[in-house]
Amino acid sequence: MENLFLLNWKKFLLLALFFIITSLMYIAMSYLRDIEEPGFLLFALILIPVYFAVAMVYSLIYLIIRRREGKGPE
């Protein structure tokens with residue numbers, strides 16, 4: 001479970017890529033269909049940034065705890 005929220009460069013780049021893709025899909029769906037698709041907007045503007053914020057806080061706390069125990073980051 002701890003690896004789910006622990007950020008590394010691979011997860012950071014994937015989050016950025018997912019954010020860009022879902023934002024572009026939202027814009028494309030709005031343009032092509034002339035309707036608003038709230039699923040992509042919800043995913044792009046709420047879920048991805050909230051996950052990123054939680055993962056950042058978790059990663060920082062994890063690093064602080066590891067350094068206090070005398071173990072370096074993995």
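I began with the side chain of S30 in this predicted model, and found one of its polar atoms 3.0 Å from the backbone oxygen of Y26. S30 itself belongs to helix 2, which covers residues 9–33.

I then looked up the exposure of S30: its relative accessible area is 16%, and because buried means under 20%, I entered S30 as buried. Setting aside the neighbours within four places in sequence, I noted I35 and E36 as the residues in contact with S30.

Next I went through helix 2 for other buried positions, and listed L15, T22, Y26 and S30; Y26, whose backbone oxygen I had already recorded beside the S30 side chain, is thus one of the buried residues of this helix. Among what covers these buried residues I found helix 3, residues 38–68.

For the geometry of helix 2, I recorded 25 residues and a reach of 36 Å from the first C-alpha to the last, close to the 36 Å expected at 1.5 Å a residue. After the helix comes D34, for which I noted a positive phi, near 60°.

I turned last to the pairing of the two helices, whose axes come within 8 Å and cross at roughly 160°. Since angles over 145 degrees count as roughly antiparallel, I described helix 2 and helix 3 in that way, and I logged the crossing as left-handed. On the helix 2 side of the contact I found residues including F12, L15, F19, T22, Y26 and M29, and on the helix 3 side residues including F40, L41, A44, I48 and F52. L15, T22 and Y26 I had already entered as buried.

Technical notes: Residues numbered from 1 in each chain as written. Predicted model: local features only at pLDDT ≥ 70, side-chain atom pairs only at ≥ 80, totals over all residues. Heavy atoms only, no water. Helix = DSSP H or I, 4+ residues; strand = E, 2+ residues; numbered from the N terminus. Buried < 20%, exposed > 50% of the residue type's maximum accessible area, 1.4 Å probe, protein only. Polar contact = N/O pair within 3.5 Å; in protein donor to acceptor, adjacent residues only side chain to side chain. Contact = heavy atoms within 4.5 Å. Expected span 1.5 Å × (residues − 1). Axes fitted to C-alpha atoms, helices over the stretch in contact; angles between N-to-C directions. Parallel < 35°, antiparallel > 145°, perpendicular 65-115°, else oblique. Left-handed = near helix turned anticlockwise from the far one by under 90°.
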